[in-house]
Amino acid sequence: MAKTANVFARVEPDIKEQAETILEQLGIPMSNAISIFLRQVVLQNGIPFDVKLPMRSVTDISGMTEDEFNMEIETGMNDVSAGRLVSAERVRDEMRKVYGI
């Protein structure tokens, strides 16, 4: 059996809990997931995924006031009126191309 070394990391409790829930559904212990990540770092000679800010975040309306919500709706309607939208077909085509689905 291979020797092992300990890795100690501080993470936000909420993120840890969410990750554990997902990993549990996948049947992968947290230690194995971390080991998989580290192996990929070595194999790819760097972080095995893009590390960048999202193009646009999803708006969470749960903490919005009524005025803030109405402003978001108005912004969306202005985007539609100005033609700043993407068709469902284009989204589907992109998902097929990028994710093979």
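Q: Hi! What is the mean pLDDT of the chain?
A: Hello! This is a predicted model, and its chain has a mean pLDDT of 89, with 94% of the residues reaching 70 or more.

Q: OK, and where is confidence lowest and where is it highest?
A: Helix 4 has the lowest confidence, at a mean of 89, while helix 2 has the highest, at 96.

Q: Why should I care about low values?
A: Where pLDDT is low, the predicted coordinates should not be read in detail.

Q: Got it. How many helices and strands does the chain have?
A: There are four helices and zero strands. Starting at the N terminus, the order reads α-α-α-α.

Q: Is the chain spread out or compact?
A: Spread out: with a radius of gyration of 20 Å, it is well over the 13 Å that the globule rule gives for 101 residues, so the chain is more spread out than a compact globule. Along the principal axes, its C-alpha atoms fill a box of roughly 65 × 35 × 25 Å.

Q: And what share of the residues count as buried?
A: Just 2% of the 101 residues.

Q: New topic: how many salt bridges are there?
A: A search of the whole structure turns up four. As background, side chains of opposite charge can pair when their charged atoms come close.

Q: Which residue does aspartate 79 pair with?
A: Aspartate 79 meets arginine 84 through their side chains, with 2.8 Å from N to O.

Q: Are those two buried or exposed?
A: One of each! Aspartate 79 is buried because its relative accessible area is 17%, under the 20% cut-off. Arginine 84 has 53%, over the 50% cut-off, so it counts as exposed.

Q: What about helix 4, which residues meet in a salt bridge there?
A: Glutamate 94 and lysine 97 do, at 3.6 Å from N to O. Both lie in helix 4, which covers residues 88-99, and they are three residues apart, about one turn of the helix.

Q: How exposed is each of them?
A: Glutamate 94 is partly exposed, at 36% relative accessible area, whereas lysine 97 counts as exposed, at 63%.

Q: What does aspartate 93 form a salt bridge with?
A: Its partner is arginine 92, and the closest N and O atoms are 3.2 Å apart. Aspartate 93 is partly exposed at 41%, and arginine 92 is also partly exposed, at 38%.

Q: Let's switch to pockets. What volume does the largest pocket have?
A: About 680 Å³. It is lined by 21 residues, and the closest to its centre are Val7, Met30, Ser31, Ile34 and Ser35.

Q: Which elements give two or more residues to that lining?
A: Helix 1 (13-26) and helix 2 (30-44) do. Helix 2 gives the most, with nine residues.

Q: And what classes of residue make up the lining?
A: The lining of the largest pocket has 13 nonpolar, five polar and three charged residues.

Q: Last one: what is the phi of asparagine 45?
A: Asparagine 45 has a positive phi of about 55°, although it is not a glycine. For context, most residues other than glycine have a negative phi.

Q: Where is asparagine 45 found?
A: In the loop between helix 2 and helix 3, the latter covering 66-81.

Q: Is asparagine 45 buried or exposed there?
A: Asparagine 45 counts as exposed, with 74% relative accessibility.

Terms used. Residues numbered from 1 in each chain as written. Predicted model: local features only at pLDDT ≥ 70, side-chain atom pairs only at ≥ 80, totals over all residues. Heavy atoms only, no water. Buried < 20%, exposed > 50% of the residue type's maximum accessible area, 1.4 Å probe, protein only. 1 Å grid on protein atoms, 1.4 Å probe; cavity = no way out; pocket = protein on both sides within 12 Å on 5 of 7 lines; lining within 4 Å. Points joined across faces, edges and corners; volume = space filled by probe spheres on them. Nonpolar A, V, L, I, M, F, W, Y, C, P; charged D, E, K, R; others polar. pLDDT = per-residue confidence, 0-100. Rg over C-alpha atoms; globule rule 2.2 N^0.38 Å.
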